[in-house]
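Below are my notes on the model, set out as numbered points. They begin with the overall fold and then turn to one helix and the cores.

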Amino acid sequence: YKRQDYRQMIYIARGVNLPTAQEGALKLKEISYVNANGYPAGELKHGPIALLDENMPVTAVLAPGGRVYDKMISNCEEARARHAFLTGVSFDGDKRAEELFDLLLTVPSTAEIFSPLLLNLPLQLLAYHIADLLGREVDQPRNLAKSVTVSKVFRFLFFRIGRQLGQHLPGFGDAGAGFFRGLCAFGGFKI
């Protein structure tokens, strides 16, 4: 397992999972000090694709059965053609992903709209384990105040997921953000 040897990484996703990929990249950057950036997979051809080779790993977040799944697979095949090390974060039993990715992290299947809640977990663990392999202090990352790592990050994450829910479920609108604020408060986080 050589992911800890890379000094930079690209995370890609589409639709409701774009904030998940961006959060995964942010977490890796915060605790391992590896330069990681999250991009909309559709924008891969507009710049980031020039960076792809055997030294630039790509982590893709995808939900089988979702509206953008086939396009995500196509984007991942483009990265594969450039010899990038591919990590996929998907659902259990995703046969296409099992064949395509060098490393596949899976979670139980759910509706696409709820996939960010589950697909975020392996990304957080991936960042943790890479930081640990690099010997970083994961409990107290440098230059980050605890108020930033808990309050602002969770507020941003829950707002983005709530907004995504509002776009995909008619009538959910601001209630989506409110739902996640409540979930955050239930979990003991002050926002």
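1. Read from the N terminus, the order of elements in the protein is β-α-β-β-α-β-α-β-α-α-α. That comes to six helices and five strands. Helices (H or I, at least four residues) and strands (E, at least two) are DSSP runs, numbered from the N terminus.

2. This is a predicted model, in which local features need pLDDT of at least 70 and side-chain atom pairs count only at pLDDT 80 or more, while totals for chains, interfaces and linings use all residues. Residues are numbered from 1 along each chain as its sequence is written, and side-chain values use heavy atoms, with hydrogens and water left out.

3. The protein has 191 residues, of which 46% count as buried. Buried means under 20% relative accessible area, exposed over 50%, and partly exposed in between (1.4 Å probe, protein chains only). About 9700 Å² is exposed, and carbon and sulfur atoms supply 54% of that area; areas come from the Shrake-Rupley method with a 1.4 Å probe, and for residues only the protein chains shown count as cover.

4. Of the contacts between residues at least 6 apart in sequence, 67% join residues at least 24 apart. Contact means heavy atoms within 4.5 Å.

5. Helix α1 has 12 of its 15 residues buried, so it is largely enclosed by the rest of the structure. The buried set includes the charged-type names E23, K27 and E30 alongside L18, L28 and I31. The end C-alpha atoms of α1 are 21 Å apart, which agrees with the 21 Å expected at 1.5 Å a residue; the expected span is 1.5 Å times one less than the number of residues.

6. S32 lies in helix α1 (residues 18-32) and counts as buried, at 0% relative accessibility. Leaving out residues up to four places away in sequence, S32 touches I130, A131, L134 and R136. Just after α1, Y33 takes a positive phi of about 65°.

7. The largest nonpolar core has 23 residues, and M9, Y11, L28, A36, V61 and L119 touch the most other members. Two or more residues each come from β1 (8-13), α1, β4 (86-91) and α4 (115-133), with α4 giving the most, six residues. A nonpolar core is a set of buried Ala, Val, Leu, Ile, Met, Phe, Trp, Tyr and Cys residues joined through side-chain atoms within 4.5 Å.

8. Beyond four places in sequence, L28 touches M9, Y11, Y33, V34, A36, A127 and I130. Apart from the largest core lies another, of 20 residues, among them I10, V58, A97 and F101.
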